[in-house]
Amino acid sequence: MSLTLYMHPLAAYCHKALIALYENNTPFHPHLVDLSDDTQRAAFYALWPIGKFPVLNDQTRGCMVPESSIIIEYLARHYPGKVALIPEHPDAAREVRFRDRFYDQYVAEPMQKVITDRLRPEGQHDHYGVAQARDKLRSALDLIEREFERDDGERLWGAGEHYSMADCAASPALFYANFVIPLEDEHPLTAAYLLRLMQRPSYARVLREAAPYMHMVPSEPVEA
Ligand SMILES: N[C@@H](CCC(=O)N[C@@H](CS)C(=O)NCC(=O)O)C(=O)O
């Protein structure tokens, strides 16, 4: 098999790449990396010294591709399927890329800051950083909600009427953000969007595969 995805089934950015692969039934080999295992960690860092997954290795083209958005761009160019995750039209493509960046940087990043802080040892928590991250996350969610309201809740997907890379990014970002700031409370249209994303067969499959690991997500009571 030509494509290998280095990943972990719980990792938000790996969900994003997996969704893209499943959307187009692209054949690939999933290579699960357990970073808590010294041997696996060393092997992964030898491949990609930054040590963040997902990383896609394309044996046929001799190409190693890190970064979830770049993996999706790569798949769209070299292994296209019937779902065009990056639209042809440059303006539509720019909108998709903007939404993708938005979900990564303003939803997924602060969400990860809050959740990974829960894994830190006692006495090593970053309370100030977590409070900042929660504020950032709330601002992003408020903006997403306002945009759905502006569209009278009629916009189906992240960047418009067509499913795209923006939705690949939004799926794990909102799924895990919901562990930090429950969406139903003040973001009902965003909660409805998350439900649509979770019902999409590609993400439903990712979540099914992640289910055996979900108990590892730290679910402390949400701070006020
Ligand atoms: N910008 C990267 C972010 C990747 C990332 O943060 N991956 C996390 C998992 S979701 C990771 O590898 N964490 C392991 C670590 O930081 O040690 C992307 O889009 O792929």
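**Exercise 1. The cavity and its lining**

Task: In this predicted model, determine which helices each supply at least two residues of the lining of the largest cavity, and work out which classes of residue that lining has.

Solution. Start with the count, which comes to one cavity of 30 Å³ or more, and note that the largest cavity has a volume of about 30 Å³. Next, list the residues that line the largest cavity, namely Ala-12, Tyr-13, Lys-16, Asp-104, Ala-108, Ala-169, Pro-172 and Ala-173. Assigning these residues to elements shows that H1, H4 and helix H6 (165-180) each supply at least two of them. Finally, sort the lining by class, which gives six nonpolar residues, no polar ones and two charged ones.

**Exercise 2. The largest pocket**

Task: Describe the lining of the largest pocket by element and by class, and state which element gives the largest share.

Solution. The largest pocket has a volume of about 1,100 Å³, and of the 34 residues that line this pocket, Ala-11, Ala-12, Phe-53, Gln-112 and Thr-116 are the closest to its centre. Two or more lining residues come from each of helix H1 (12-23), helix H2 (38-47), helix H3 (68-78) and helix H4 (90-117). Within the lining, H4 gives the largest share, with eight residues. Divided by class, the lining of the largest pocket has 19 nonpolar, eight polar and seven charged residues.

**Exercise 3. The ligand and its surroundings**

Task: Locate the ligand, characterise the shell of residues around the ligand, and identify side chains with a polar atom 2.7 Å from a ligand atom.

Solution. The first step is the location, since the space taken by the ligand is the largest pocket. The second step is the shell, in which, taking 4 Å between heavy atoms as the cut-off, one finds Ala-11, Ala-12, Tyr-13, Leu-35, Gly-51, Lys-52, Phe-53, Pro-54, Glu-67, Ser-68 and Gln-112. By class, this shell divides into six nonpolar, three polar and two charged residues. The third step is the polar pairs: a polar side-chain atom of Lys-52 lies 2.7 Å from an oxygen atom of the ligand, a polar side-chain atom of Ser-68 likewise lies 2.7 Å from a ligand oxygen, and a polar side-chain atom of Glu-67 lies 2.7 Å from a nitrogen atom of the ligand. As for coverage, the ligand on its own has 510 Å² of accessible area, of which the protein covers 78%.

**Exercise 4. Two backbone features**

Task: Which residues does a cis peptide bond join, and where does Asn-25, with its positive phi, lie?

Solution. Begin with the general expectation that most residues other than glycine have a negative phi and that most peptide bonds are trans. The cis bond joins Phe-53 and Pro-54, with omega about 15 degrees, and Pro-54 is found in the loop between H2 and strand S3 (55-58). Both Phe-53 and Pro-54 are also among the residues around the ligand. Turning to phi, the value for Asn-25 is near 45 degrees, which is positive in a residue other than glycine, and Asn-25 lies in the loop between H1 and strand S2 (29-32).

How values were computed: Residues numbered from 1 in each chain as written. Predicted model: local features only at pLDDT ≥ 70, side-chain atom pairs only at ≥ 80, totals over all residues. Heavy atoms only, no water. Polar contact = N/O pair within 3.5 Å; in protein donor to acceptor, adjacent residues only side chain to side chain. Areas by Shrake-Rupley, 256 points an atom, 1.4 Å probe, with all protein chains shown as cover. 1 Å grid on protein atoms, 1.4 Å probe; cavity = no way out; pocket = protein on both sides within 12 Å on 5 of 7 lines; lining within 4 Å. Sits in = over half its atoms within 2 Å of the grid points. Nonpolar A, V, L, I, M, F, W, Y, C, P; charged D, E, K, R; others polar. Points joined across faces, edges and corners; volume = space filled by probe spheres on them. Helix = DSSP H or I, 4+ residues; strand = E, 2+ residues; numbered from the N terminus.
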